[in-house]
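Here are a few exercises to work through with the model open in your viewer. Try each task before you read its solution.

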Amino acid sequence: MGNEISVIIPVWNGEAYIGEAVESVLRQGVRKTEIIVVDDGSDDASARIAEDLGCHIIKQENGGAASARNLGLTHADGNLILFLDSDDRLTEGALDSLLLPLRQDEGLSAVFAKAVDFISPELNSDEAAGLLPRTAPYDGILPGCSLIRRKVFDVIGSFDSTLKGGETIDWMMKLRASGLQTMKIDTVTLERRLHLNNTGRKARREELKSYAALLRKKMQK
């Protein structure tokens, strides 16, 4: 029999944190879980670290997180998919919390949980001062805060790798427009690391521009 859950982790030059990300999945203790790490053209030891921890490694030329997630999907054996960024961590019991509603209700297509921010401990006080973590748990979309049935991607498609930012928002808008049933839970399943090289933080302006463009496009339909 195949795996129940596929955890897909894109990584680009993430050797500093990829080990913690993978270990947070290994600690979940959920049977029939595979970890797929997609090396997005790294020139550091990211892939070797993940491979040493038992992950299935896939390599591609640098194409961004969206294309890496899409490639991981093509190799996923699980009926349920969770995406995790290579610098973040799952909380204890995260997979169990996300999995339970899906086991109880076959009509659910996805379950969404919450995230908390933390400042990466290697930063000094000056480096950490401008990061401004959120002070309370917040709703998450992707990655790390959701468990999604594999068949959902067959219905609404994968991530749009042509977008420079906002591919997650674009995908979520498609999910909501599809009418598929989803659920939110109040459990925190993700610890989101804040550090000096956060891709999301660097691309926030581009993300917001893409979000605005996507909203305009939707309103024009």
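**Exercise 1.** Find the salt bridge that Asp52 forms, and work out whether Asp52 is buried or exposed.

*Solution.* Start with the cut-off: a salt bridge here is a side-chain nitrogen of Lys or Arg within 4 Å of a carboxyl oxygen of Asp or Glu. Asp52 pairs with Arg48, with 3.4 Å between the closest N and O atoms. Next, place the two: they sit four residues apart in helix α2 (residues 46-52), about one turn of the helix. Helices are DSSP runs of H or I with at least four residues, strands are E runs of at least two, and both are numbered from the N terminus. Last, the accessibility: buried is under 20% relative accessible area, exposed is over 50%, and partly exposed is in between (1.4 Å probe, protein chains only). Asp52 has 57%, so it counts as exposed.

Some housekeeping: this is a predicted model, where local features need pLDDT of at least 70 and side-chain atom pairs count only at pLDDT 80 or more, while totals for chains, interfaces and linings use all residues. Residues are numbered from 1 along each chain as its sequence is written, and side-chain values use heavy atoms, with hydrogens and water left out.

**Exercise 2.** Which parts of the chain does the Asp139 and Lys114 pair link?

*Solution.* Check the pair: their side chains meet in a salt bridge at 2.7 Å, N to O. Then look up the elements: Asp139 is in strand β7 (residues 138-139) and Lys114 is in strand β6 (residues 110-119), so the pair links distant parts of the chain, 25 residues apart. Now the cover: Asp139 is partly exposed because its relative accessibility is 45%, and Lys114 is buried because its value is 15%.

**Exercise 3.** Do the same for Arg192 and Asp117.

*Solution.* Their closest N and O atoms are 3.8 Å apart, and they form a salt bridge. Arg192 lies in strand β9 (residues 182-194) and Asp117 in strand β6, 75 residues apart. Both residues are buried. For the wider tally, the structure holds 13 salt bridges, and Glu20, Arg89, Glu191 and Arg193 are linked in a network of them.

**Exercise 4.** What span should helix α7 have?

*Solution.* The expected span is 1.5 Å times one less than the number of residues. With 12 residues (167-178), α7 should span 16 Å, and its end C-alpha atoms are 17 Å apart, which agrees. Buried residues in α7 include Trp171 and Leu175. Just after α7, Gly179 takes a positive phi of about 80°.
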